[in-house]
Amino acid sequence: MLTHQRKQYLLDLLQREGQIVAKAVSDSLGLSEDTIRRDLRELAKEGLLERVHGGALPLLPSSPALAPFAAREQISPEAKPAIGRAAGAMIQTGQVVFLDGGTTAVQLARQLPRDLRATIVTHSPSVAVELVNHPSIEVLMLGGRLYKHSIVGVGAATVEAIGRIRADLYFMGVSSLHPQAGITTGDYEEACVKRALSDASARTVVLASPEKFNTTSPFQIAPLSQVNDIIVHRDVADALVAPYREMGIAITLA
């Protein structure tokens, strides 16, 4: 089968089945997975499909969460405080908690009960500033290079510091959430930091405002199997969260 014939076969398969699994295609055609993956990469560069781990999906809309921080503050202004309150209620006295950067994480910091005694570890200056006047929260700042888009620390120094801490909870912000594409974000280094935070936590909780569902961003953070909980706004359609429930992920409606 010639290259252009393979690519057309892949596009036809994607239209029929809604996804491509590279191993299944290589087995059915008697070709190497490397060949199929190369074809998928080239089709993705042409803007004809979305590459995901293990295969491909139809093109998904980009997440509004890839916009600059100031613009994101105007998105889902009612949902984010509600998600923050529900997340704050999960924290128990004495726990060590990783709190991500982003606009929903800032809302979480604002919603923490005034009598809560815990340690918040964050790479977000915005989150740290929100907690300056909290009487009972100990704040640990992680250093690194400032990624100005999200106003968070990233890089080797950040990842190294994370590796020296074991947290009870990690509240993760994501740019995009999709049952097949998984949890993704718009910057490679930021994805590495989020993955390290999740690896160093006993429990990973994703904070998902409505605009992030069924969208994709360029860099995968971690497989959905690493996610324990997703907190969503109560107005999100049940059809959007049903696939995650089927994976065994606990869904909290805020």
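**A helix pair at the start of the chain**

Helix H1 passes helix H2 in a right-handed crossing, and this pair is a convenient place to begin reading what is a predicted model. H1 covers residues 3-17 and H2 covers residues 22-29, and their axes, which come within 13 Å of each other, cross at roughly 125°. That angle makes H1 oblique to H2, because angles over 145 degrees would be needed for a roughly antiparallel pair and 65 to 115 degrees for a roughly perpendicular one.

On the side of H1, the contact is made by Tyr9, Leu10 and Leu13, while H2 contributes Val25, Ser28 and Leu29. Sorted by class, the contact of H1 with H2 has 5 nonpolar residues and 1 polar residue, with no charged residues taking part.

Both helices can be set against an annotation from the sequence record: UniProt, in an unreviewed entry, places the feature "domain: HTH deoR-type" at residues 3-58. In the model, this span of residues 3-58 is 64% helix and 14% strand, and the C-alpha atoms at its two ends lie 20 Å apart.

Stepping back to the whole chain, the secondary structure comes to 10 helices and 15 strands. Taken along the principal axes, the C-alpha atoms of the chain fill a box of roughly 70 × 40 × 30 Å. As for overall dimensions, a compact globule with 254 residues would have a radius of gyration near 18 Å, and the 20 Å found for the chain agrees with that expectation.

Conventions:
Residues are numbered from 1 along each chain as its sequence is written. This is a predicted model: local features need pLDDT of at least 70, side-chain atom pairs count only at pLDDT 80 or more; totals for chains, interfaces and linings use all residues. Side-chain values use heavy atoms; hydrogens and water are left out. Axes are lines fitted to C-alpha atoms, for helices over the stretch in contact, and angles run from 0 to 180 degrees between N-to-C directions. Helices (H or I, at least four residues) and strands (E, at least two) are DSSP runs, numbered from the N terminus. Angles under 35 degrees count as roughly parallel, over 145 as roughly antiparallel, 65 to 115 as roughly perpendicular and the rest as oblique. A crossing is left-handed if the near helix is turned anticlockwise from the far one by less than a right angle, and right-handed if clockwise. Contact means heavy atoms within 4.5 Å. Ala, Val, Leu, Ile, Met, Phe, Trp, Tyr, Cys and Pro count as nonpolar, Asp, Glu, Lys and Arg as charged, and the others, Gly among them, as polar. UniProt positions are given in the numbering used here, feature names are shortened, and annotations may be inferred rather than shown by experiment. The radius of gyration is taken over C-alpha atoms; the globule rule is 2.2 Å times the number of residues to the power 0.38.
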